[in-house]
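Trainee: Please take me slowly through one part of this structure and its surroundings, and explain each term as you reach it.

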Amino acid sequence: QCDSHCFATEWADLNCVYSSHDDGIIRCWDLRTGNIVRNFIGHTASANSIALSSDNSKLLSGSLDSTIRVWDISMSGSTNTNNINPNQEVAIYNFSAKVYCFSISPGDSWIFAGLENSEIESMNLLNTNNKFQLQLHEGPIMSLSIDNSAKWFISGGKDSVLTAWQTPYGPSIFQIKESGLILTTSISNCGNLFAVGTSNQKASLYETEH
């Protein structure tokens, strides 16, 4: 247990789960004991979202401090059962506004950050000078999901509009107006279905046309 509010979780394996909190700390939990086995300290504001790299060696976290941080998790979880270690940052990416959500492409080559200022920023992790600002929304971005093909992604937020984009530079493919604020999105593994959850207690399932 801890005294802060949890905003997101990410499974590492059957013994380990990560959580992000409003105190900015990322915690690693040993599910066999229920204990915190590692803290990742660095964010100066609430950490809203987390994701694992494709090889599970890095953990990424997005925060209201306008950064996405990359953490080395090679020593966390079941191999590190007694130590609570300080920050093990390997990279910090700065954005133009508070990061409400983010998603990383398969292969870890691009990251897409949904920001408070209604923008989506896409950044090439191999060359961080290669980035784009995508603007169609009219409010903070609350959720992003990338298709496994890495060819398109969806976004939604407080303007209640779901937008599908081409990666990485973001021409809009289509938009759907929902009846409530869009809080969560998900794309199926095969890419032919996507789901949207809204603030009016509604979940919608859509089928794509290829």
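Strand E7 and its neighbours

Mentor: Strand E7 is joined by 5 bridges to strand E8 (residues 89-94), and the two run antiparallel. Strands (E, at least two residues) are DSSP runs, as are helices (H or I, at least four residues), and both are numbered from the N terminus; two strands pair if DSSP finds at least two bridges between them. This is a predicted model, in which local features need pLDDT of at least 70 and side-chain atom pairs count only at pLDDT 80 or more, while totals for chains, interfaces and linings use all residues. Residues are numbered from 1 along each chain as its sequence is written, and side-chain values use heavy atoms, with hydrogens and water left out.

One bridge between E7 and E8 can be followed by name, since isoleucine 68 has tyrosine 93 in E8 as its bridge partner. E7 also pairs with strand E6 (residues 58-63), again in the antiparallel sense and over 5 bridges, and there lysine 58 stands opposite aspartate 72 in E7. E6 and E7 form a hairpin with 3 residues between them, and in this turn serine 66 has a positive phi of about 70°.

Next comes the question of how covered the strand is. Of the 6 residues in E7, 5 are buried, so the strand is mostly covered; here buried means under 20% relative accessible area, exposed means over 50%, and partly exposed lies in between (1.4 Å probe, protein chains only).

E7 (67-72) is also one of the elements that give two or more residues to the largest nonpolar core, together with strand E9 (99-104) and strand E10 (110-115). A nonpolar core is a set of buried Ala, Val, Leu, Ile, Met, Phe, Trp, Tyr and Cys residues joined through side-chain atoms within 4.5 Å. This core has 15 residues, and Ile68 is among those with the most contacts inside it, as are Leu60, Phe95, Phe102, Ile111 and Ala113. A second, separate core of 13 residues includes Tyr18, Phe40, Leu52 and Leu59. In soluble globular proteins, nonpolar side chains tend to be buried together.

If contact is taken as heavy atoms within 4.5 Å, and residues up to four places away in sequence are not counted, isoleucine 68 touches Leu60, Ser61, Gly62, Ala91, Ile92, Tyr93, Phe95, Val99, Phe102, Ile111 and Ala113.

The neighbouring position brings in charged side chains. Arginine 69 forms a salt bridge with aspartate 65, the closest N and O atoms being 3.6 Å apart; the term stands for a side-chain nitrogen of Lys or Arg within 4 Å of a carboxyl oxygen of Asp or Glu. Arginine 69 counts as buried because its relative accessibility is 10%, and aspartate 65 counts as buried because its value is 16%. Salt bridges that share partners join Asp65, Arg69 and Glu89 into one network.

By this rule the count comes to 4 salt bridges, and two others are useful for comparison. In one of them, the side chains of aspartate 23 and arginine 27 meet at 2.8 Å, N to O; aspartate 23 is partly exposed because its relative accessibility is 34%, whereas arginine 27 is buried, at 8%. In another, aspartate 30 and arginine 32 meet at 2.9 Å, N to O, where aspartate 30 is buried, at 4%, and arginine 32 is partly exposed, at 47%.
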